[in-house]
Amino acid sequence: MSTTADSRTALRICPLCEATCGLTLTIEGTRVTSARGDRDDVFSQGFICPKGASFGAADGDPDRLRTPLVRKDGELREATWAEAFDAVAAGLRPVVERYGPHAVGAVLGNPNVHTMAGALYPTVLLAGLGTRSLFTASTLDQMPKHVSSGLLYGDANAIPVPDLDRTDHLLLIGANPLESNGSLCTAPDFPGKLKALKARGGTLTVIDPRRTRTAKLADRHVAIRPGTDAMLLAAMAYVLFEEELTDLGELAELVQGTDELREAVRDFTPEAAAEACDVDADTIRALARELAAAPTAAVYGRIGSCTVPHGTLASWLVDILNILTGNLDRPGGALFPQAATDRTPRPAGPGHGFALGRWHSRVSRHPEAKGELPMAALAEEIDTATAEGEPIRALVVIAANPVLSAPDGDRLDKALGSLDFMVSVDPYLNETSRHAYVVLPPPPPSQSPHHDFAFNTLAVRNQVRYTRAAVPLEPGRMAETEILARLVLAATGMHGAEPSAVDDLVIGQTLGKAVKEPHSPAHGRDPRELAAQLTGETGPERRLDMMLRLGPYGDGFGVRPEGLALEKLLDQPHGIDLGPLQPRLPQPLKTRSGLVELLPQPLADDLPRLRDALRRRPEGLVLVGRRHLRSNNSWMHNIPALTGGTNRCTLHIHPDDADRLGVTNGAPVRVKGAGGEVVAPAEITDAVRRGVVSLPHGWGHDRPGTRTTHAAENPGVNVNQLLDGSLLDPLSGTAVLNGVPIDIAPTGTTP
């Protein structure tokens with residue numbers, strides 16, 4: 001940090017996407033006036049994207065709420081923090097006591113993984129409430145990857161990432177990291193890493209129905225029919241078996257089910273898949289051969305291959321291709337990161353495995369996945385009565401806007417209005433939080449500390465960084481960690497206790513378990529003495545110190561003096577580099593066999609559905625989503641610097657389809673789906689293949705009662721209103737957002 005007479009600088013990790021770049025902020029008084037990349041950051045080395053450069057504008061948005069809101073006489077009014085938490089306790093506890101814990105639902109949005117508070121407190125809240133009515137953004141995004149990893153490796157959070165800096169061949173399917181900056185693969189300067197791959201003679205292959213910015217960089221772009229990703233990947237696996245191109249290498253002793261897998265994919269010939277995928281058989285064979293021939297290779301799939309009818313199978317097959325070519329868990333392939341706050345690594349051996357469907361949703365009987373129910377089922381769980389228990393009568397919403405992010409926002413909008421009580425933790429009065437009885441606004445990110453608990457478990461290089469708040473809390477603000485700690489207390493019958501009680505409880509429970517684990521450096525020691533050694537100015541910092549000390553690089557509370565603790569991290573403000581990813585198998589495996597289980601029964605049971613899809617060729621147009629570099633879901637449309645230009649809510653349509661349907665460039669087009677219809681301006685482009693149209697997600701800021709001034713001036717349309725929520729990947733409960741049949745017509749005519 002440096003200071004001049006007029007301004008000072010401070011370091012901050014960017015919380016605006018998954019790349020987690022280091023920033024250097026310029027601050028005048030308490031206002032962030034500019035942001036640039038931190039050239040000394042051990043991970044991002046000065047890289048910055050337009051979102052990071054606009055950190056100050058996002059931080060200082062005048063529409064951010066500054067004080068709590070409490071509903072009185074039907075109207076949200078400013079209130080004190082004490083009044084707000086009194087209202088939370090009075091609203092939630094009677095619902096729990098009268099109807100039981102499952103009548104209180106919890107909705108967690110994507111921003112939770114971008115803050116320390118969102119990582120540390122929701123699990124405590126859920127445990128205290130005892131509710132099974134949990135809905136998160138995962139079932140609108142990456143849950144298929146969690147489920148496939150859980151079934152393959154026994155741990156839903158054991159997600160291998162491509163070794164971008166060392167691979168010779170990278171195959172991306174349904175991913176556009178030049179726009180997204182990467183996802184489930186934390187990599188600052190993803191564009192630079194792809195260019196470096198090509199510069200060292202490597203090969204980039206992109207499979208995507210759109211010619212995205214990433215596809216334009218590729219050596220080979222395959223414009224697949226949306227929703228057929230799993231069929232193409234299965235056909236590639238078939239070729240590897242048929243042409244004897246499999247080579248498991250050192251993995252051979254760590255996997256089971258190879259012969260069963262060969263039999264399971266025998267119907268997925270390239271010829272059978274070609275018509276369904278609209279990719280010729282020779283290209284499918286070439287993709288498999290190139291993958292097998294590369295010295296090292298990695299297959300990486302993202303949201304385009306997750307939010308489709310066979311998303312879990314596609315996610316599974318991504319890893320299957322890495323395994324069959326010997327590229328899982330080796331440098332240059334796909335490896336398992338090791339975060340500094342991971343639990344103490346246990347010895348390799350059989351674990352408890354991963355189970356699906358331990359309970360089901362009340363109305364449509366959707367099975368849980370990773371403890372969650374489908375976000376697409378939230379509305380019916382509120383507005384539909386059944387004999388199977390009580391509907392959801394109260395809701396705790398933390399950093400989520402499902403009215404825009406979930407299918408059929410109109411129905412959910414009405415359902416939220418019928419709740420007995422709702423509390424929302426959100427900096428904005430948006431399309432969802434406007435229904436709350438209490439709104440608890442966190443401070444802007446400059447006034448919060450930052451450590452990436454989740455994203456470091458997905459990082460392409462092991463490292464650890466922590467930044468304290470760059471700006472002191474303004475008078476009247478409350479730290480987000482304190483907000484969530486007080487929310488835990490109010491929701492669980494401990495209203496009025498000190499928020500530090502939550503952190504003390506977690507520390508006590510964690511250390512109590514650690515001293516009983518033979519592989520832990522804390523084994524056999526006194527948990528109270530260990531707790532007394534923790535440093536940090538706040539409860540969250542003490543918890544971070546504890547996790548670092550118990551983690552794989554930690555000092556073990558003095559057992560390894562050279563290891564990590566909070567004080568060492570504070571001494572290195574640009575972070576500590578922990579080195580490139582390393583092979584880790586079999587240690588991460590928690591399957592009952594202690595091996596990688598190639599064909600778990602739930603996946604085998606779902607394969608007949610994929611075989612049936614081989615024989616279907618959808619008629620008419622299908623819809624896919626779109627990501628903007630200067631946007632992150634619905635977060636950033638209120639920031640003038642991040643809207644306009646190419647960051648617009650337009651309908652991309654191929655020239656041939658536009659000619660056939662009488663659509664002209666810039667003219668309004670009516671788009672109709674099973675859940676409703678929207679009108680958006682046409683943007684005619686050959687960047688999208690024939691038969692496919694594309695609308696970006698996160699728009700639709702036109703509902704009354706919100707306070708997002710700039711977003712309301714250019715609201716766009718809610719693409720998810722075209723969906724009725726009935727289309728789900730059955731294994732993961734993830735909403736089908738891509739490859740959805742729609743009809744379009746110029747306005748004035750009927751689709």
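**Exercise 1. Place N456 in the fold and decide whether it is buried or exposed.**

Solution. Step 1: N456 lies in the loop that runs between β18 (438-440) and β19 (461-464). This is a predicted model, and every value below is computed from it. Step 2: the relative accessible area of N456 is 5%. The cut-off for buried is under 20%, so N456 is buried. Step 3: apart from neighbours within four places in sequence, N456 contacts P337, A339, H451, Q463 and V464.

**Exercise 2. Give the strand order of the open sheet of 7 strands, and find which strands stand at the edges.**

Solution. Step 1: the order is β6-β5-β18-β17-β16-β7-β8, and the pairing is mixed. Step 2: β6 (75-78) and β8 (134-136) each have a single partner strand, so each has one side without a neighbour in the sheet. These two are the edge strands. Step 3: from one strand to the next, the twist averages 15°. Step 4: at the β8 end, strand β7 (residues 104-108) and β8 run parallel and are joined by 3 bridges. A106 has L134 in β8 as its bridge partner. Step 5: helix α19 (residues 480-491) packs on this sheet and touches β16 (394-398), β17 (421-425) and β18. The direction of α19 makes about 160° with that of β17.

**Exercise 3. Describe the barrel and the pairing of β24 with β29.**

Solution. Step 1: the barrel is closed by 6 strands in the order β22-β26-β23-β25-β24-β29, with mixed pairing. The twist from one strand to the next averages 45°. Step 2: β24 (residues 668-673) and β29 (residues 740-746) are antiparallel and share 4 bridges. Step 3: V669 is bridged to P746 of β29.

**Exercise 4. Classify the packing of α20 against α22 and state which residues make the contact.**

Solution. Step 1: the angle between helix α20 (residues 500-514) and helix α22 (residues 539-550) is about 15°, and their axes are 9 Å apart. Step 2: the angle makes α20 roughly parallel to α22, the cut-off being under 35 degrees. The crossing is left-handed. Step 3: α20 contributes D503, D504, V506, I507, T510, L511 and A514, while α22 contributes G539, P540, R542, R543, M546 and L550. Sorted by class, the contact has 7 nonpolar, 2 polar and 4 charged residues.

**Exercise 5. Compare the settings of A522 and L240: where is each found, and what does each touch?**

Solution. Step 1: A522 sits in the loop between α20 and α21 (527-533), whereas L240 belongs to helix α10 (residues 229-242). Step 2: A522 has a relative accessible area of 0% and is buried. L240, at 1% relative accessibility, is buried as well. Step 3: leaving out residues within four places in sequence, A522 contacts A514, V515, L530 and L550. On the same basis, L240 touches L245, T246, A288, A292, L321, L324 and T325. Step 4: the C-alpha atoms of L240 and R262 are 9.4 Å apart, with these positions 22 residues apart along the chain. For A522 and E244, 278 residues apart along the chain, the C-alpha separation is 49 Å.

**Exercise 6. Name the buried residues of α5 and the residue that follows this helix.**

Solution. Step 1: in helix α5 (residues 122-129), the buried residues include P122, V124, L125, L126 and L129. Step 2: G130 follows α5 and has a positive phi, near 75°.

Technical notes:
Residues numbered from 1 in each chain as written. Predicted model: local features only at pLDDT ≥ 70, side-chain atom pairs only at ≥ 80, totals over all residues. Heavy atoms only, no water. Pairing = 2+ DSSP bridges. Axes fitted to C-alpha atoms, helices over the stretch in contact; angles between N-to-C directions. Buried < 20%, exposed > 50% of the residue type's maximum accessible area, 1.4 Å probe, protein only. Parallel < 35°, antiparallel > 145°, perpendicular 65-115°, else oblique. Left-handed = near helix turned anticlockwise from the far one by under 90°. Contact = heavy atoms within 4.5 Å. Nonpolar A, V, L, I, M, F, W, Y, C, P; charged D, E, K, R; others polar.
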